[in-house]
Amino acid sequence: MDQMNLEKLAVIGIGLIGVRHAELIRAHPMASLVGLCDVDPSRRAVADRFGVPFYTSVAELLERERPAGVVIATSNATHAAVAEICAQRSVHLLIEKPIASTLEEARRIGEAAQAGGIRVLVGHHRRHNPLVQKTRELVRGGGLGRLTGVSLLWALLKPDAYFDVGWRRERPGGGPVLINLIHELDSLRFICGEIEEVYARSSSAVRGLAVEDSVSISLAFANGALGTILASDATPAAWSYEANTGENPVYFRTEENCVHFLGTAASLAFPRMELWRYADATRPGWTEPMARSIVEVAGVDPLPLQLAHFCRVIRGEEAPVVDAEDATRSLAVALAVLESARTGLPVHPVALGGG
Ligand SMILES: NC(=O)c1ccc[n+]([C@@H]2O[C@H](COP(=O)([O-])OP(=O)(O)OC[C@H]3O[C@@H](n4cnc5c(N)ncnc54)[C@H](O)[C@@H]3O)[C@@H](O)[C@H]2O)c1
């Protein structure tokens, strides 16, 4: 593809994940990196490393570089304000997850996008992972029979330095439910269907911060299936999507399963894709021999796939796989978890206004 056909992209917020987006754009055959923006002037060094212009003002970046699309990788509570500036200038958006830190902000993004005639893709990148897509195909296609339940474990240890960044330990916006479990909740919605009710307890006993370090969640899906999640970012443990899929090489890889999907005909351990069913389908029952088979799926880094999709979304060739409305539903589930943990009562995400 010649230079003329490359999508001109910029990144706003060049912290932990913003740098990764800049690297991906730089290396991608469909895109060119035209500028970086961060309110922290010390991030100029990153732009210098990439050899692209640096701005501390979003408006100035858009004015001078005229990108077709930007990646918003700023802290959660700033997504809406940045998105509004971009939408006013008709710049298409890839917004990091969660779409925002409140439903009100998420709605503002949807309205600004409509007013500006732009397309919004939200960075729930796991939906581009073939492992997740294959699991969805199995669950939705009846490969497990009727889904009865799902059990998910997400446990790892975030280093102390992670919490040096203020917003990660404050509400609204910080905490593993909004930063990490939003991925799990979005994937469960994608694979199993809508989540009707959540009931949660949380604890911040390990670090004593305003945000939770552990949470247990009971889920009820609209299709009648039930689910449980146990999550903690304060424990040395081998069971998390990040460690088990090896999707992001910065995490130490452990060859374990972190999610079990249960159906009336078979069950699946993810991400090793171990499918368990009775050896003789005509003789089911707890004393009968079971057989394990592996569902073969090639591992692929989903972030370049997400970026290619964003370029096609900008060109109008594809509709966003996760648009603002869809991502707002995932946000509503995450907020319902926090609300349930706060009140001790079950919460329907739709009742929060996210449905
Ligand atoms: N998809 C993923 O796997 C993934 C991984 C990590 C983070 N994230 C998401 O990406 C976003 C950023 O997370 P992070 O950990 O990289 O944060 P970070 O704090 O490391 O970086 C955020 C950067 O944004 C800048 N910033 C804040 N407000 C700004 C504004 N109004 N305009 C311009 N720059 C601004 C900050 O100065 C900082 O450099 C969050 O929404 C987070 O949830 C996604």
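How many bridges join strand 4 to strand 5, and do these strands run parallel or antiparallel? In this predicted model, four bridges link strand 4 (residues 69-72) to strand 5 (residues 92-95), and the two run parallel. One pair is easy to pick out by eye: Val-70 has Leu-93 of strand 5 as its bridge partner. Helix 3 (residues 58-65) packs on the sheet here, where it touches strand 1 (7-12), strand 2 (31-37), strand 3 and strand 4. The direction of helix 3 makes about 145° with that of strand 2.

Zooming out, strands 4 and 5 belong to an open sheet of six strands, ordered 3-2-1-4-5-6, with parallel pairing. Strand 3 (54-55) and strand 6 (120-122) are the edge strands, and each of them pairs on one side only. As for what holds such an arrangement together, strands of a sheet pair through backbone hydrogen bonds, in either the parallel or the antiparallel sense.

A second open sheet has eight strands, and here the pairing is mixed, with the order 8-9-10-7-11-12-13-14. Strand 8 (195-203) and strand 14 (290-294) sit at the edges with a single partner strand each, so one side of each has no neighbour in the sheet. On average, neighbouring strands of this sheet are turned by 15° against each other, if direction is ignored.

Starting from the strand 8 edge, strand 8 pairs with strand 9 (residues 214-221) in the antiparallel sense, over eight bridges. Among the residues involved, Glu-197 has Ala-220 in strand 9 as its bridge partner. Further into the strand order, strand 7 and strand 11 are also paired in the antiparallel sense, over five bridges. Strand 11 then goes on to strand 12 (residues 267-270), to which four bridges join it, and these two run antiparallel. Strands 11 and 12 form a hairpin, with three residues between them. Phe-261 is a handy landmark for this part of the sheet: this strand 11 residue stands opposite Val-150, and it also stands opposite Leu-268 in strand 12.

Two helices lie across strands of the eight-stranded sheet. Helix 7 (residues 176-192) lies across strand 7 (147-155), strand 8, strand 9, strand 10 (226-232) and strand 11 (259-263), and runs at about 155° to strand 7. Helix 10 (residues 324-343) lies across strand 8 and strand 9, and its angle to strand 8 is about 50°.

Helix 10 also has a helical partner. Helix 5 (residues 103-116) packs with helix 10 at an angle of about 180°, and their axes are 10 Å apart. The two helices are therefore roughly antiparallel to each other. Where they meet, helix 5 brings Leu-103, Ala-106 and Gly-110, while helix 10 brings Ala-324, Thr-328, Leu-331, Ala-332 and Leu-335. Sorted by class, this contact has six nonpolar and two polar residues, and no charged ones.

Now for the ligand. There are 23 residues around it, of which Ile-17, Asp-38, Asn-76, Lys-97 and Trp-167 come nearest. Backbone atoms take part in the polar contacts: a polar backbone atom of Ile-17 is 2.9 Å from an oxygen atom of the ligand, and a backbone N or O atom of Thr-74 lies 3.3 Å from an oxygen atom of the ligand. A side chain takes part too, as a polar side-chain atom of Glu-96 lies 3.0 Å from a nitrogen atom of the ligand.

Finally, a few backbone details deserve a look. Most peptide bonds are trans, and most residues other than glycine have a negative phi. Against that background, Lys-97 and Pro-98 are joined by a cis peptide bond, with omega at about -15°. Pro-98 sits in the loop between strand 5 and helix 5, and Lys-97 is one of the residues that come nearest to the ligand. Another cis bond runs from Arg-171 to Pro-172, with omega near -5°; the loop that holds Pro-172 is the one between strand 7 and helix 7. Arg-66, a residue other than glycine, has a positive phi, near 50°. Its place is in the loop between helix 3 and strand 4.

Definitions and conventions:
Residues are numbered from 1 along each chain as its sequence is written. This is a predicted model: local features need pLDDT of at least 70, side-chain atom pairs count only at pLDDT 80 or more; totals for chains, interfaces and linings use all residues. Side-chain values use heavy atoms; hydrogens and water are left out. Two strands pair if DSSP finds at least two bridges between them. Axes are lines fitted to C-alpha atoms, for helices over the stretch in contact, and angles run from 0 to 180 degrees between N-to-C directions. Contact means heavy atoms within 4.5 Å. Angles under 35 degrees count as roughly parallel, over 145 as roughly antiparallel, 65 to 115 as roughly perpendicular and the rest as oblique. Ala, Val, Leu, Ile, Met, Phe, Trp, Tyr, Cys and Pro count as nonpolar, Asp, Glu, Lys and Arg as charged, and the others, Gly among them, as polar. A residue is near a molecule or strand if one of its heavy atoms lies within 4 Å of it. A polar contact is a pair of N or O atoms within 3.5 Å; within protein, one must be able to donate a hydrogen and the other to accept it, and residues adjacent in sequence count only if both atoms are side-chain atoms.
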